[in-house]
Every structure is written in structure tokens, then in C-alpha cells.
Amino acid sequence: MNAVIQVSDLEIEKRLNGVSVNAQKGDCIHVIGPNGAGKSTLMTAIAGLVSPDNGRITFKGKPLEYWSLAELASMRTVLAQQLELSFALSVSEYLSFYSISESLIIPSMLETALEIATFLNKPITQLSGGERQRVEICRALLQIWPQLLKGEGIAILDEPLQGLDIRHQYAVATLVQTLCSKGNTVIMSSHDIGLSVNYCSQLWLIQQGNIVASGSPSKVATQFNLEKVFECHFSVNQKNNFLEIQVCAPITLE
Amino acid sequence: MIKGKTAVVTAATVFICALFGVLSAVGFTDTPYELKLHILYQLQLPLALTATLVGAALSVSGATLQVVLRNPLADPGIVGITSGASLVAAVLLLATPQWAENYLHYILPVGCFIGALATTFIIYKLARRLLGSSTAVILSGIAISTLSGAAIAWLYLFSDANSLRNLTFWLMGSLYQTTWPILVVGAPLVIAALAFQFSNASKYNRLYAGDVAATSSGVDVHKLTERSLVACAVAVGAAVSMAGSIAFVGLLVPHILRLLIGHNNRLLLPLCALVGASLLLLVALCSELTRAITLPVSMITATLGGPLLIWALLKGQLR
């Protein structure tokens, strides 16, 4: 067993009812589920930012409480959902506060995927939602960049694709996949099932605080599972190595 | 934006000039040498030290409060720390019995510190309860300021003429009331509180991205917030005990500096100390030069501060 993160019987009142999942080193995990299913709660608990009512989480073989805040900070990073900033600091200042070295150097892999060089000198409050999200992803990954280079990093990203245009959605999904292929572990939530099933190695399907299914995407993203969790009509087709998913919502308004 | 080094050198030069100006003001008069020395030691040196310590304490605490409370409007005066300290000072000035008046030098800083700490505590509790709403923090601060303002007004009603004069000093601020005993107690408090804030500058930088991001990068946000608020209360309490309540410095200096040198607290906080100190030294120098009348400090800081803040508003620093 090479589990980086083990979650067993995790309970958080009104959010999670006994969740047990594992993440192996190098896994690229996408978490999908309806709004309010508990994706964000699960991810913040794994990150060690909320303490569970019940159950245990181990991180690299040791219970989460064993690690100090500073030790955790050097191993894993967290991307939270966006919040409004009260100060008009420039993007490069903002990023430099989170990078390891004093002077800000954006690794070429991040720049290729996120393309933020053009607005480095802009005040962060003037960016569009998607541009801001690209900056936030960069900030989160810079925090543990040395670990990510070594293939020892763990990134927990809450809806990194939110607000991104289609090109950057795929760029970020590819970035995550590439990081995982180097041995890093990424857990990210997503609402784009069609993208997620083709860009992850493990899929966690979550509904009302329970894991409905977890494992390889072709086993988890079945028509039965998806229709049960999302209450929509799905058609799932395997085409060579590609899972094609079509959705139709059975909603009539009048 | 100005390079860090240039900014530090400029601010340090201005500071040294202003310090020298205040200290040498006595040198150009035709008083005898011994008297000059006496004036320098008993009047000019305490004046220069007070201006330096108070200016630095208010500006740095203002900058820290703005980042810690995530609100660019925060300022020791606006969030109510100063008014808590002034209220205690007013009560002490009016209610201290005759026999205890010799100890007022020691009671006053402690009292101001307790007042500042108490209001900080109330504001912090309110801020925690009204979590996420930074406007609410400011509003509760204004409520507390108004309340202590009202209390001070009631005190006015029941005080004699002599006490009234003392009280006015607290409300308008003055750099001429300090004595060596107050400085000896207050200076270490200010220096310790500022040192704490300087040493946490890179943690404050992480707070810009929000609680979750800061915590995930290894900053214990609650602990940092609590300790920083205490540090601000200590610095501001000590400042009020030395010079009464001085408006605007804590809001003005950090804002102007952010426009000029950016948001990096490792640079911003030390520069706030230098520029805040220089500002009050210049105010002291103005008073020295006009000699005949002692100008209330708040009057000058507000006269200078109002237009500068409007300029900052127009530059889009505040929204």
C-alpha cells in the first residue's frame, strides 16, 4: 500500500456521513457531485483546515494532527473558492508573497498552462473572474512548487476550472494530469463530468455526504451511477480511450 | 511605483532632517548656553521622542489593522481603539484623587493601555460574530467611538475649568504634555509592539489571499489576528497616554505609502514607522516655528490628511 491520504469513516455534522476513501501517490483524482453534496467539506477536511466530528484522516501514513501547520504547508497546498479582495495589490506582488524565493519567477510549465504574464502588473481587483482564477491556481501551486518538481507534492483544488474559458479549462486539466504523472497527488472537484472522466485516474462520486462510488472513471461514471446522483438522463459511450458523455436534464418549467 | 531602497533612503533622510530640526529649534535663540541645554533636555528631547514614538505607533498599527481586519478603512481612531483609551484617560484625569496625582504618570499609560485593550477585545468579539463582514467591524468601531465620545461629553459637563483644559488636550492631541516618566513607561511598550508587528510582516502578506489560503500556507490566522490586535492596542494605548488622541495618521500614512511602494508589509511597515514619525516631527516643527500658539496636533494632521486622502480615493486605492 502506498496511500498518501487515507480517509476512514469521516463524519462532519450535516455535511459528511462516514466517508472512506484513499488516495495513492501519483493519483489524479476528480471529485464530482451535485451542489451541496459535500465536495468542498471533504476537501477542506483532507487539507486539515476543519477538524472532523468523527473518523480519521492520515497523511503520508501519519494522522493529520501529527503534522504541524508549517509541515503541512510545505507538503500540500489548497485552492479555495474565490473571495473578494479589499486591497488593489498587483498580481506579481500577490504571487511573490506565496512563492518560496524572494523574487517572483513563474515556472514555465505554469506560465504555459495559465498564461498570466500579460497581467502581472495589473491590480488584482481589475481582473476578470477567469483571469483571477488562473492567478489563484498559480498562487496555490507556487506554494509547494519545490515539492511538485520532486514529485512529492499534494494539491487539493476546489473547483479550479470555475470561471475559466474552454481553452484554459483543458490547459489546467492537462497541467494537473502532468503534475500527477511526475508522482504528485492531486484531488480536485469539478462540475464538468465530460472533461473529468477523461482527465482523471480516479473518480470520486459524492452525493449527500456519502461516497457513492470511487475508482477508475470507466467503472464509476456509469449511466446508472450518474443518473442516480445527478437526476438527469445520461448516455455514456466508450470510444477507444475516450469516454463520451451526453446529458439531458429532465426538467420542464411549464 | 518607487523602488524599496529609494523609498527607505528618502524616508530616513526626511526623518533625520525633521528630528534635527525639532532638536535644533532651540539653538537659534539667544538664550544662555546652560538654559539651552536645559530646554533641550527637558523640552525638545521629550517632544522629539514623543512625536517619533506616537507617529510610528499610529501609522504602523493602522497598516496592521487594515490588513488583519481586511478593511482598508481600519484605523486606530476609526475602529475605536483610540477612543477607548481616551475615555479611560479622561476618567483618570478627572477622577484621580488629590493624593494619587503624583502617580498619574504611571497610572495613565496603564489606564490607556487597558482602555485600548478593552475596546480592541469588544471589536474583535464583534468581528468574530459578524464574520466576513468587514463593514460591520467598522460600524461597530464607530458605535464604540460614539459611545465613548458621549461619555467624555458627560464628563465635560461635570468637570471644573482646570480639568476641562486637560481634557481638551486628550481630545485634540498634543505633543507637549509628555514628561520623562511617561516616556520611560511608554517607549518600551511602543517599541515591543512595533517589533512584534515588523516580525510578522511576511505573515501579514499571506493574509491578503484570505483565511483559507493563509492557513494552508502555514499561518495560524486566529492566533496571528489575536496577537496583532493586542500589539496594536498596546502601541495605540501607549501613544494615547503620551499625546492624547491624534486623528487620521493611522489611515493616511499607510494609504499614501501603498500607492507609492506597493503592498509588501516587510517594506511597508518599517516605512510607515519612518513616515509617521516624520509627519509628527514636522507637526512639532510647525508648532515650534509659530511659537506663540501651541497647535493641536489633530488640527494639523486633519488639515493635511483630508486632501491627501481625497487624492488617494481618486487614485482608486479605496473603493
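**A tour of the chain A sheet and the contact with chain B**

Begin with chain A of this predicted model and select the six strands that form an open sheet of mixed pairing, ordered β6-β7-β8-β3-β9-β10. At the edges lie β6 (76-79) and β10 (210-215) of chain A, each of which pairs on one side only. Viewed across the sheet, the twist from one strand to the next averages 15 degrees.

Next, select β6(A) together with β7 (residues 154-157) of chain A. These two strands run parallel and are joined by four bridges. To locate one pairing in particular, select Arg76(A), whose bridge partner in β7(A) is Ile154(A).

Now add helix α5 (residues 129-143) of chain A, which packs on the sheet and touches β6 and β7 of chain A. The direction of α5(A) makes about 165 degrees with that of β6(A).

Then turn to helix α7 (residues 166-181) of chain A. This helix also packs on the sheet, where α7(A) touches β3 (28-32) and β8 (185-189) of chain A. Its direction makes about 155 degrees with that of β8(A).

Finally, display both chains and select the contact, to which chain A and chain B contribute 21 residues each. On the side of chain B that touches chain A, the elements giving two or more residues are α8 (201-207) and α9 (211-216) of chain B. Of these, α9(B) provides the largest share, four residues. Colouring this side of chain B by residue class shows 13 polar, five nonpolar and three charged residues.

How values were computed. Residues are numbered from 1 along each chain as its sequence is written. Chains are lettered from A and ligands numbered from 1 in the order in which they are written. This is a predicted model: local features need pLDDT of at least 70, side-chain atom pairs count only at pLDDT 80 or more; totals for chains, interfaces and linings use all residues. Two residues are in contact if their C-beta atoms, placed from the backbone, lie within 7 Å. Ala, Val, Leu, Ile, Met, Phe, Trp, Tyr, Cys and Pro count as nonpolar, Asp, Glu, Lys and Arg as charged, and the others, Gly among them, as polar. Two strands pair if DSSP finds at least two bridges between them. Axes are lines fitted to C-alpha atoms, for helices over the stretch in contact, and angles run from 0 to 180 degrees between N-to-C directions.
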